Amino acid sequence: MSLDYRSQSPQILLDFLAYHETIKAHSQRTVDEYFLDLRNFFRYMKQSRDPSLRDAPLDEIDIMDVDLALIRSITLTDIYGYMSYLSRDRVLHQNSENSNKGLSAASRARKLATIRSFFNYLCNKVHLLENNPCKDMDSPKLRKSLPHYLTLDESISLLEAVDGPNRERDYCILTLFLNCGLRISELIGLNRGDIQDDALRVLGKGNKVRIVYLNQACQDALQQYLNVRRPISGKDHDALFLSNRNQRISRSMVHALVKKHLSDAGLDSTQYSSHKLRHTAATLMLQNGVDVKAVQEVLGHEHLNTTEIYTHIDNESLRVAAKANPLSRMKIPKKISDSENENDEEA
């Protein structure tokens, strides 16, 4: 684990995290986030229960003494109070003197999902609680927004702008993002052995493996890159994409190269990122007639409604539907047209 949660967790939290790590096979990143979310929640609960901790910095409160008795005392009102704290008083960036306060609705919803998962585990899996305080808890209302994406012309401009000492590698990375819709964690985790003829073996969220088929552009880009990829030894010898230090390419390096090539292509690098290239792949597929369920499989979405957000973006079929309405050819009646002319004359 990247976080030493084992030495910082009371036994009841440790059991919950172990359940998600071993039984549910959730990724290290997900388990780390569960730990951080629940550690903060328990710190808040201890501070609200113990008057001697009221003036203590929340992030310095120890949670090793959190036990079932404290957890049984938590009510729905307590959880609403914690949500209010996150909304109004939680510092966004703990290490910044100029940080604002108050988490977004999306951040609060994710933290509530962690708390809900914890209480569901206690009630339904290990049967340590009879009453679930989250049962009637409302989630924060999220504002639905459509994801940003590059147009086809912008995508072509981005690929054509790739240059520099790592052009074959960078071109291949951008091609896979734009054609296969990979997550950045999936891309940096690729090994040479994951290339299987015209397909790619991808390890996705929750350690779920899926097969993504490669079109000719992806196959050509991969072959071009493999022709210049230098052989290395050590733990990263099979990593597909390498840094200049002969190590597996990092998340930050991929973010940086995407931003660089976006700027080189004359595109606003502040508005787009590697994840926006994933949005672009999904959008272009749907705009060109790919079934939404097929796109779901390509992207590795667990739920179809996650994929369906892309169907609302510049969907040509919606234009066709609007034009197909028999009233679409209705002309404005003459008396209405004449009325508008009269109003213009009066004005």
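Student: Among contacts between residues at least 6 apart in sequence, how many join residues at least 24 apart?

Tutor: In this predicted model, 58% of those contacts join residues at least 24 apart. The chain has 15 helices and 3 strands, and of its 347 residues 39% count as buried.

Student: Why is Lys 111 called buried?

Tutor: Buried means under 20% relative accessible area. Lys 111 has a relative accessible area of 14%, so Lys 111 is buried. This residue lies in helix H5.

Student: What is Lys 111 in contact with, leaving aside its neighbours within four places in sequence?

Tutor: Lys 111 is in contact with Asp 37, Leu 86 and Leu 103.

Student: What makes the pair of Phe 16 and Tyr 121 edge-to-face?

Tutor: Two values are needed. A pair of aromatic rings is described by the distance of the centres and the angle of the planes. Rings pair if their centres lie within 6.5 Å, and planes over 60 degrees apart count as edge-to-face. Phe 16 and Tyr 121 are 5.4 Å apart centre to centre, with 65° between the planes. Both values meet the cut-offs, so the pair is edge-to-face.

Student: How do you know that this pair ties together parts that are apart in sequence?

Tutor: Phe 16 lies in helix H1 and Tyr 121 in helix H5, so the pair ties together parts 105 residues apart in sequence. Both residues are buried. The structure holds 12 aromatic pairs. Ring pairs link a cluster that includes Phe 16, Tyr 19, Tyr 34, Phe 41 and Tyr 121.

Student: Which residues touch the most other members of the largest nonpolar core?

Tutor: Of its 38 residues, these are Phe 41, Phe 42, Ile 71, Ile 79, Ile 115 and Phe 119. Helices H1, H2, H3, H4 and H5 each give two or more residues to this core. H2 gives the most, with 8 residues.

Student: What does Ile 79 touch, not counting residues up to four places away in sequence?

Tutor: Ile 79 touches Phe 41, Ile 74, Leu 112, Ile 115, Phe 119, Pro 133, Cys 134 and Met 137. Apart from the largest core lies another, of 37 residues, among them Ile 184, Leu 187, Ile 188 and Val 212.

Student: How do you know that the buried residues of H12 line one face of the helix?

Tutor: The buried residues of H12, which spans residues 292-299, are Val 292, Val 295, Gln 296 and Leu 299. Seen down the axis of H12, they fall within an arc of 105°, so they line one face. An α-helix has 3.6 residues a turn, so residues three or four places apart point the same way. The face of H12 turned away from the buried side carries the exposed residues Lys 293 and Glu 297.

Student: What follows H12?

Tutor: Gly 300 follows H12, and its phi is positive, near 75°.

Student: Which elements give two or more residues to the lining of the second largest pocket?

Tutor: They are helix H6, helix H7, strand E3, helix H11 and H12. H7 gives the most, with 5 residues. The lining holds 20 residues, of which Leu 178, Asn 179, Cys 180, Asn 215 and Met 285 lie nearest the centre of the pocket.

Student: How much space lies in the second largest pocket?

Tutor: About 410 Å³ of space lies there.

Conventions: Residues are numbered from 1 along each chain as its sequence is written. This is a predicted model: local features need pLDDT of at least 70, side-chain atom pairs count only at pLDDT 80 or more; totals for chains, interfaces and linings use all residues. Side-chain values use heavy atoms; hydrogens and water are left out. Buried means under 20% relative accessible area, exposed over 50%, partly exposed in between (1.4 Å probe, protein chains only). Helices (H or I, at least four residues) and strands (E, at least two) are DSSP runs, numbered from the N terminus. The arc is that of the directions from the helix axis to the C-beta atoms. A nonpolar core is a set of buried Ala, Val, Leu, Ile, Met, Phe, Trp, Tyr and Cys residues joined through side-chain atoms within 4.5 Å. Contact means heavy atoms within 4.5 Å. Rings of Phe, Tyr and Trp (its six-membered ring) pair if their centres lie within 6.5 Å; planes under 30 degrees apart count as stacked, over 60 as edge-to-face and the rest as tilted. On a 1 Å grid over the protein atoms alone, a cavity is a set of points where a 1.4 Å probe fits but cannot get out, and a pocket is an open set with protein on both sides within 12 Å along at least five of seven lines; lining residues have an atom within 4 Å of a point. Grid points are joined across faces, edges and corners, and a volume is the space filled by probe spheres set on the points.
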